[in-house]
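Here is a structure to look at. Let us ask what earns each label its place.

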Amino acid sequence: MHTILGANGQIATEIARELHRRDIHDIRLVSRTPRRVSPTDTTMAADLTSAGMANKAIAGSHTVYFAVGLPLDTALWEASFPTMMHNVITACEHHGARLVFFDNTYMYPQDGTTLTEDTPFQPVGPKGTVRASMAEMLLGEMAHGRIEAMICRSAEFYGPENTQSITNSLIFRRMQQHHEASVYLSDSTLRTLMWTPDAGRAVVTAAMADDAYGTTWHLPCDDNRMTYREIIEEAEKAADCPIPYRVLSKKELERMMEVNPRVREIDELLPRYGTDCIFDSSKFKRRFPDLRVTTYIEGIRHIVAEMASK
């Protein structure tokens, strides 16, 4: 049994799709309100902050994928994520299930440092602190041999369908709505972005390899990094129309934060947009050289074509 926690989130859905592509159909999807990705899926409604519900959701599992997402709400993250991680680890240990933790980069420094699996955690805000504590909790259990697990860490998302990301929201979604696109702080810094279908394929690829457990993996991205200016220029070519955009300065964003709590929640993430984001996934590419990575140009063209079809 492959159990996916965080059902119907973007990455959980991509993991389920990839498992089905590999003719694996013994899949349980778990969330508060799960929906099937395929008719053969089973679903279970559960609140993972409840130890009992987490234990029941994981019972009978061979591999568990922690792909739970929460809205960008600091209080919610602090109240929920560490409890969820503790409950899931405890349940996996009890049932002898492998755990694949899908993680983000919030705990890393945001100063242009090249990010590798060995980069020390230096969170700059409460969300980064929460994610660091979750990773450290799991790493501690792994180090003591109490659980067979891995961390699959992803760069910032972009992708098709309803991908929830800053890049999709500020550029592609606004483009689709015929609104001016926005960029945080700079349009000339290099971005490393994770194509969401690639994330699902990469997670399952690693999960199927017995020797991949016991460590952290940076999921593979296109190394031909682009700036937001270049991304928008490529989207203009694909759409054959101009895409007006503006770069929002720190002062403009601070004024927006004063009146908009949702904008306030991205404050700790802003430094990464003022400097290059170099997310190094060479370790994964060396171990899994046959997994093809979607190029930024391919991804941008796919998104634009998808928008045009709607």
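Q: Why is Glu161 called partly exposed?
A: Its relative accessibility is 38%. Buried means under 20% relative accessible area, exposed means over 50%, and partly exposed lies in between (1.4 Å probe, protein chains only). So Glu161, at 38%, counts as partly exposed.

Q: What kind of model is this, and how are residues numbered?
A: It is a predicted model: local features need pLDDT of at least 70, side-chain atom pairs count only at pLDDT 80 or more, and totals for chains, interfaces and linings use all residues. Residues are numbered from 1 along each chain as its sequence is written, and side-chain values use heavy atoms, with hydrogens and water left out.

Q: What makes Arg17 and Glu161 a salt bridge?
A: A salt bridge needs a side-chain nitrogen of Lys or Arg within 4 Å of a carboxyl oxygen of Asp or Glu. Here N and O are 3.2 Å apart, so the pair qualifies. Arg17 lies in helix α1 and Glu161 in the loop between β7 and α5, so the pair ties together parts 144 residues apart in sequence. Helices (H or I, at least four residues) and strands (E, at least two) are DSSP runs, numbered from the N terminus.

Q: Which residues join Arg17 in a network of salt bridges?
A: Glu14 and Glu161 are linked with Arg17 in that network. The structure holds 22 salt bridges.

Q: Why is Lys127 called buried?
A: Its relative accessibility is 2%. That is under 20%, so Lys127 counts as buried.

Q: How do you know that Lys127 and Glu265 form a salt bridge?
A: Their N to O distance is 2.7 Å. That is within 4 Å, so the label fits. Lys127 sits in helix α4 and Glu265 in the loop between α9 and α10, so the pair ties together parts 138 residues apart in sequence.

Q: Is Glu265 buried or exposed?
A: Glu265 has 18% relative accessibility, so it counts as buried.

Q: What makes a space a cavity, and how many are there?
A: On a 1 Å grid over the protein atoms alone, a cavity is a set of points where a 1.4 Å probe fits but cannot get out. Three cavities of 30 Å³ or more are present. The largest holds about 100 Å³ of space. Of its 13 lining residues (each with an atom within 4 Å of a point), those closest to its centre are Pro109, Gln110, Leu115, Arg272 and Cys277.

Notes:
On a 1 Å grid over the protein atoms alone, a cavity is a set of points where a 1.4 Å probe fits but cannot get out, and a pocket is an open set with protein on both sides within 12 Å along at least five of seven lines; lining residues have an atom within 4 Å of a point. Grid points are joined across faces, edges and corners, and a volume is the space filled by probe spheres set on the points.
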